Amino acid sequence: MSTSYWLDRTNPTNKKNYDVVIVGAGISGLSTAYWLNQEDPSLKIAIVEKNRLGFGASGRNAGFVTCGSVEHFNRLISKHGQAEALEIWRFAETNLKLLQEHIIGDQGSSIEFYKRGAYSLAAQDNEFNELKTVAKTMTTLDIPVEIFSSTEIEKNVGATNFVGGIKYLDDAETNPFLLMELMRTKIKADIFELTEAHNYLQTSEGTRILKTDNGDFECSMIIYSLNGYSPSIHPYFEDKIYATRAQILMMEKAPLFMDGPCYANFYLDYFRQMPNGALLIGGFRQLEKATEVGYSDHITPVIQNALHDFVKNHLPTLKDKPVSHRWGGIMGFSKDGQPMIGSLPTDGQVFFNGGYTGHGLGLAFHTGKRLVDLIFGRDVPAWLSARRFS
Ligand SMILES: Cc1cc2nc3c(=O)[nH]c(=O)nc-3n(C[C@H](O)[C@H](O)[C@H](O)COP(=O)(O)OP(=O)(O)OC[C@H]3O[C@@H](n4cnc5c(N)ncnc54)[C@H](O)[C@@H]3O)c2cc1C
């Protein structure tokens, strides 16, 4: 095969000039571009994506827009103290409000966005007791939550073999890909798909030249919005963000019977019924924790069978439905479970956001806003700043 001068994407005359180049076109990269646009509409922004928009976790997730943390609230309090735990919770609540105000508006039904709360279900008494403590604490802090018995759980979400649960009344769910497509329409940035970013060079004039397989991008600032893929671009992330696989199974549609999405088993497993009646279920990575790491999106029989068994055990109305889809995706788990923003210690013009630990839909839009605060010299919370790791 030969390549013409005109089609040679690495041709040096193809050098492109931008103020900011964002690497990664998932919800994080798009959110960052959105807030940069808001800050300074004159900024010339490029987003480079090695595959297609939403190829990463953003186009593969379960669509839970969690209004809270990645663990039961009492556990968050034991790690951070009540004041900071509440701040972290409110951060995610604000994420949802910002999404609604700035992106979703009256387009909710077109992106299958519903705000009807989410359940956390307990199969054992010890978890139910913990959930009841969580609900009590949250109520005193004005976080809307309700407790449900096993009978009520069966009636509301058709799930059996649970001893009870709680419902976070403000949680939402959406079609994550449609959300991103909607976000894309509100962003002024050139998106370069099929463009993998490699290393960058610093010029004597203080600009950065980002090397990609679609030629060089000269810019004043680079932002890595790569979440789980962050360690693949720079060693700084190797001990801060861990590429972690999650798998999903989907069953063919049934009449609607669930009045909200559900988590189970201490947030590790999750399922929800789509507006068309199909059931999505994910989780069980705890069964293969040591190998559910890295950048491959393959699925494994152990986890896929566990997901299917969960349906047979807890969702009897679906037990005979055929499986329609199975897939995997790469999440970015941070060292302490919270997202992080910052700039590289070796280069103050290279920023990043990521580490959503399986909850980027509930965190990335607000995190993008706070990254822009950081870039423009405004304060950011200590628990969000990557400096907490240094
Ligand atoms: C199966 C699964 C279920 C999940 N469920 C939920 C859920 O219900 N709710 C929730 O809140 N979160 C969920 N998550 C997590 C959520 O999807 C992520 O936190 C979020 O999508 C991260 O967005 P991002 O834009 O930071 O990263 P990504 O969406 O992963 O985007 C990063 C992009 O960078 C690109 N890229 C990588 N390397 C390069 C390079 N060198 N050059 C250019 N581009 C590059 C990738 O192709 C990718 O498109 C789930 C994740 C998975 C995998």
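This is a short tour of a predicted model, going from its two domains to their interface and then to the ligand.

**Colour the domains**

Start by giving each domain its own colour. Domain 1 comes in three pieces of chain, 1-114, 171-238 and 338-390. Domain 2 is built from 115-170 and 241-334. If you place a marker at the centre of each, taken over C-alpha atoms, domain 1 and domain 2 sit 26 Å apart.

**Select the interface**

Now pick out the residues where the domains touch. You should get 48 residues from domain 1 in contact with 42 from domain 2. How much area do domain 1 and domain 2 bury between them? The figure is about 3,600 Å², with 60% of it on carbon and sulfur atoms. Show Phe64, His72 and Asp171 as sticks: these supply 21% of the area that domain 1 buries against domain 2, more than any other three residues.

**Look at the polar side of things**

Stay at the interface and switch on polar contacts. There are 21 residue pairs in polar contact across the interface of domain 1 and domain 2. On the side of domain 1 that touches domain 2, the elements giving two or more residues are helix H2 (73-80), helix H3 (82-104) and strand S8 (172-173). Which of them gives the most? That would be H3, with seven residues. Colour this side of domain 1 by class and you'll find 18 nonpolar, 20 polar and ten charged residues.

**Zoom in on salt bridges**

The structure as a whole holds 20 salt bridges, and four salt bridges are found across the interface of domain 1 and domain 2. Two pairs are worth a stop. Select Glu130 and Arg75 to see their side chains meet in a salt bridge, 2.7 Å from N to O. This pair ties together distant parts of the chain, with Glu130 in helix H4 (residues 125-140) and Arg75 in helix H2, 55 residues apart. Then select Arg116 and Glu173, whose side chains form a salt bridge at 2.6 Å, N to O.

**Finish at the ligand**

Last, centre the view on the ligand and show what is around it. It is surrounded by 37 residues, and the closest are Glu49, Ser58, Phe64, Ala197 and Leu361. You've met Phe64 before, as one of the three residues supplying 21% of the area domain 1 buries against domain 2.

Now turn on backbone atoms and check three glycines against the ligand's oxygen atoms:

- Gly360: a polar backbone atom is 2.9 Å from a ligand oxygen.
- Gly56: a backbone N or O atom lies 3.2 Å from a ligand oxygen.
- Gly362: a backbone N or O atom lies 3.3 Å from a ligand oxygen.

Notes:
Residues are numbered from 1 along each chain as its sequence is written. This is a predicted model: local features need pLDDT of at least 70, side-chain atom pairs count only at pLDDT 80 or more; totals for chains, interfaces and linings use all residues. Side-chain values use heavy atoms; hydrogens and water are left out. Domain bounds come from an automatic or database domain assignment. Contact means heavy atoms within 4.5 Å. Buried area is the accessible area (1.4 Å probe) that two parts lose on being put together, summed over both. A polar contact is a pair of N or O atoms within 3.5 Å; within protein, one must be able to donate a hydrogen and the other to accept it, and residues adjacent in sequence count only if both atoms are side-chain atoms. Helices (H or I, at least four residues) and strands (E, at least two) are DSSP runs, numbered from the N terminus. Ala, Val, Leu, Ile, Met, Phe, Trp, Tyr, Cys and Pro count as nonpolar, Asp, Glu, Lys and Arg as charged, and the others, Gly among them, as polar. A residue is near a molecule or strand if one of its heavy atoms lies within 4 Å of it.
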